[in-house]
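Hi,

Here is the structure I promised to pass along. Have a look at it first, and then read on for what turned up.

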Amino acid sequence: MLGWGVINVLCGALVAGLLFTSVVQAKTLTYAVTDESWVPYWIVDEQRVSGILHEFMLALDERLPEQLQASHPLPPLRTQKLFREGQVQIECCVSKSWRSDGDQGAGSLWTVPVLETEEMLIFAPGRHFPYQHLQDLRGRSIATVRGYGYAGSEYFQRNDGADARALIYLVAQGRSEAGILDRLEWRYLQHEDAQLQAPRWQVEEGPTINRSQLRLRLHRQLAGRLEVFNAAIRSLQVDGTLARIIARYAP
């Protein structure tokens with residue numbers, strides 16, 4: 001018959017073993033962070049990262065047994081290569097249509113949508129024109145950001161600027177008939193950039209012309225974890241966590 005002291009030692013060893021097993025099973029997963037800012041979704045200042053999707057990933061980490069670890073900010077093509085190789089297991093957050101070319105979609109699993117972006121038209125004050133369909137942009141000069149892809153670009157003449165601020169200025173000064181801007185980005189810039197309140201920067205919001213559902217892209221090695229990720233994403237939406245994060249960046 002075992003004494004209480006021996007039993008306590010055995011129980012302690014059993015608990016320690018279970019804890020060790022759970023630590024071993026708690027896998028660390030790496031998600032991609034690019035070195036290109038996309039405000040207010042990803043805001044990258046040298047090695048400091050913030051923004052809606054950064055905070056979303058931190059909140060998601062608290063809802064999963066796995067530990068989520070951000071990559072160092074890297075060029076977008078580099079992060080996509082690492083994803084294909086399985087060195088990065090998660091990409092947050094992209095549209096399926098952005099990863100449909102070539103071998104991008106191969107080996108990808110997609111979660112439920114995290115959020116939906118809206119691209120809208122902006123106009124100089126009093127210079128709206130009728131819009132219902134992308135074809136209504138045919139032949140018009142539209143301010144865009146260099147290097148970005150846009151729905152309906154086959155119809156209009158692009159007038160590229162270096163960034164969203166340059167796009168806004170082109171429209172405000174009448175150098176483009178309209179511009180295409182993400183609605184949350186516009187909210188963020190209005191809140192953060194006092195310069196946009198000056199008369200020479202004034203523009204007006206127009207209709208939404210395109211929507212994109214942003215999802216987590218998971219590497220195929222996580223096939224057995226897809227529903228766990230979906231449940232965690234839904235919980236952040238249902239309890240208002242994601243809405244509160246968005247409101248901090250785009251009041």
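**Strand β1 and its neighbours**

Strand β1 runs parallel to strand β5 (residues 90–94), and two bridges join the pair. In that pairing, Tyr 31 sits opposite Ile 90 of β5. Please keep in mind that this is a predicted model.

β1 also pairs with strand β4 (residues 67–70), again in parallel, this time through four bridges. There, Thr 30 stands opposite Gln 69 in β4. As for cover, β1 itself (residues 28–32) is mostly out of reach of solvent, with four of its five residues buried.

**The nonpolar core**

Ile 90, the β5 residue facing Tyr 31, turns up again in the largest nonpolar core. That core has 67 residues, and Ile 90 is among the members that touch the most others, along with Phe 56, Leu 60, Ile 168 and Leu 216. Both domain 1 (28–116 + 212–248) and domain 2 (117–211) contribute at least three residues to this core.

Phe 56 is a good place to start looking around. Leaving aside residues up to four places away in sequence, Phe 56 touches Cys 92, Cys 93, Val 114, Leu 216, Ile 233, Leu 236, Leu 242 and Ile 245.

**A buried charge**

One last spot for you to check is Glu 185, in helix α5 (residues 183–192). Glu 185 is buried but has no salt bridge. Its nearest side chain of opposite charge is Arg 165, 6.8 Å away, whereas a salt bridge needs the charged atoms within 4 Å. Beyond residues up to four places away in sequence, Glu 185 touches Val 39, Pro 40 and Ala 164.

Best wishes

Notes:
Residues are numbered from 1 along each chain as its sequence is written. This is a predicted model: local features need pLDDT of at least 70, side-chain atom pairs count only at pLDDT 80 or more; totals for chains, interfaces and linings use all residues. Side-chain values use heavy atoms; hydrogens and water are left out. A nonpolar core is a set of buried Ala, Val, Leu, Ile, Met, Phe, Trp, Tyr and Cys residues joined through side-chain atoms within 4.5 Å. Buried means under 20% relative accessible area, exposed over 50%, partly exposed in between (1.4 Å probe, protein chains only). Domain bounds come from an automatic or database domain assignment. Contact means heavy atoms within 4.5 Å. Two strands pair if DSSP finds at least two bridges between them. Lys and Arg count as positive and Asp and Glu as negative; His and the chain ends are not counted.
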